[in-house]
Amino acid sequence: MVRYDVIIIGAGPAGLSAALYAGRAGFNTLVLERMVLGGRVILTEKIENYPGIDKGILSTDLIKNMEVQIRQFDNVDILFEDVKAVDFNLKKVFTEKNYYEAEGFIIAVGAKEKRLNVKGEKEFLGKGVSYCAICDGPLYKNKEVVVVGGGDSAVEEALYLSRFCSKVRLIHRRDKFRASRILQERLQKTSNVEQILNSIILEIKGDKQVKEVLIKDVISEDLQSIQCSGVFIYVGIEPNTDFLKGLINMDEYGFILTDENMATSCEAVFACGDCRRKSLYQIITACAEGAIALNSLQGYLLKK
Ligand SMILES: Cc1cc2nc3c(=O)[nH]c(=O)nc-3n(C[C@H](O)[C@H](O)[C@H](O)COP(=O)(O)OP(=O)(O)OC[C@H]3O[C@@H](n4cnc5c(N)ncnc54)[C@H](O)[C@@H]3O)c2cc1C
């Protein structure tokens, strides 16, 4: 069993940035990723708000570039294994197949899309209900779909779907969107996206596939059925931190609490990216925090 200097759990932008800094610092590093490199970035098509890339970049290219940059370092191993448990006192992480040891840990496990928790959502998952427009959107060419949510992700994905769906209805429970101004301006100019504000979904209905959603206007309380083939849900995120519950300080939603150096309540354990409580959940902050987490861990390891 190799004992690493650093184990990074999760290979989204936060984990990949920490891995880059670990590689350059010369630490023997293990990155453990349960799915594919890139995390939630690969759920969208194009990234337009990453500095220094004036025309934007395909998310797959951004992640490929990050991977190539990290693969230069032969002191960084990347393994595709799901971390199931940790014992920070014994300095071990356990995957479904193995366990690994290290002097310090960086948690970069990110988050997943929150569920709406309405009738029909579970039943029609994969049969019209989706949390990923880039994965499933092309199946709805020339069809009518509904997008739920009011933030950047919801508006971005509604715009993406508008390119091939005949009609997109964007349903938001409040009277205005939270999304950035530039996205809202694009929304106004996109004729096949209809905005339905002050409305919530009560039920998703269908037979083998989604056929309609039942919505309620929260002001008038009027009910309305909307025919659609797909429902794309972007109503916020929840952290992938279940396996850390009781081991590390978190807020009531499971987001890890850190200080400004990304230090958690456990010695030698740092957290970065969307799994921690913060105000801006984006690639730029995830990357910056990955760098800070590794720098803080480096400070800790050098003092030991
Ligand atoms: C549709 C959509 C559009 C977006 N558009 C933009 C945009 O235009 N610009 C922008 O800046 N941001 C955008 N974002 C947000 C951005 O994707 C996230 O803020 C960013 O990916 C967070 O990075 P992260 O590394 O913290 O987490 P994640 O990207 O979530 O990565 C976490 C990684 O950890 C892995 N993991 C989780 N648990 C375990 C475990 N137990 N063991 C091993 N591995 C594990 C996951 O598989 C994942 O690969 C968008 C998000 C979505 C969903």
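## Exercises on a predicted two-domain model and its ligand

Of the 36 residues that surround the ligand, Glu33, Arg40, Glu156, Asp274 and Ile283 come nearest. The structure is a predicted model.

**Exercise 1.** Determine which atoms of Arg40, Asn49 and Ile283 pair with the ligand, and how much of the ligand the protein covers.

*Solution.*
1. Begin with Arg40: one of its backbone N or O atoms lies 2.8 Å from an oxygen atom of the ligand.
2. Turn to Ile283, where a polar backbone atom is 2.9 Å from a ligand oxygen atom.
3. For Asn49, the partner is a polar side-chain atom, 2.9 Å from a nitrogen atom of the ligand.
4. Apply the cut-off of 3.5 Å for a pair of N or O atoms in polar contact. The distances for Arg40, Ile283 and Asn49 satisfy this cut-off.
5. Finally, consider the area: on its own the ligand has 1,000 Å² of accessible area, and the protein covers 97% of it.

**Exercise 2.** Locate the two domains in the chain and describe the contact between them.

*Solution.*
1. The domain assignment places residues 3-112 and 237-303 in domain 1, and residues 115-233 in domain 2.
2. Six residues of domain 1 and nine residues of domain 2 take part in the contact.
3. The C-alpha centres of domain 1 and domain 2 are 31 Å apart.
4. Between them, the domains bury about 630 Å², with 39% of this area on carbon and sulfur atoms.

**Exercise 3.** Characterise the polar and charged pairing across the domain interface.

*Solution.*
1. Two salt bridges are found across the interface of domain 1 and domain 2.
2. Three residue pairs are in polar contact between domain 1 and domain 2, counting pairs with both residues at pLDDT 80 or more.
3. On the side of domain 1 that touches domain 2, the residues comprise two nonpolar, two polar and two charged.
4. As a separate check of the salt-bridge rule, take the side chains of Glu45 and Arg163, which meet at 2.9 Å, N to O. The cut-off is 4 Å, so this pair qualifies as a salt bridge.

Methods. Residues are numbered from 1 along each chain as its sequence is written. This is a predicted model: local features need pLDDT of at least 70, side-chain atom pairs count only at pLDDT 80 or more; totals for chains, interfaces and linings use all residues. Side-chain values use heavy atoms; hydrogens and water are left out. Domain bounds come from an automatic or database domain assignment. Contact means heavy atoms within 4.5 Å. Buried area is the accessible area (1.4 Å probe) that two parts lose on being put together, summed over both. A polar contact is a pair of N or O atoms within 3.5 Å; within protein, one must be able to donate a hydrogen and the other to accept it, and residues adjacent in sequence count only if both atoms are side-chain atoms. Ala, Val, Leu, Ile, Met, Phe, Trp, Tyr, Cys and Pro count as nonpolar, Asp, Glu, Lys and Arg as charged, and the others, Gly among them, as polar. A residue is near a molecule or strand if one of its heavy atoms lies within 4 Å of it. Accessible areas come from the Shrake-Rupley method with a 1.4 Å probe; for residues, only the protein chains shown count as cover.
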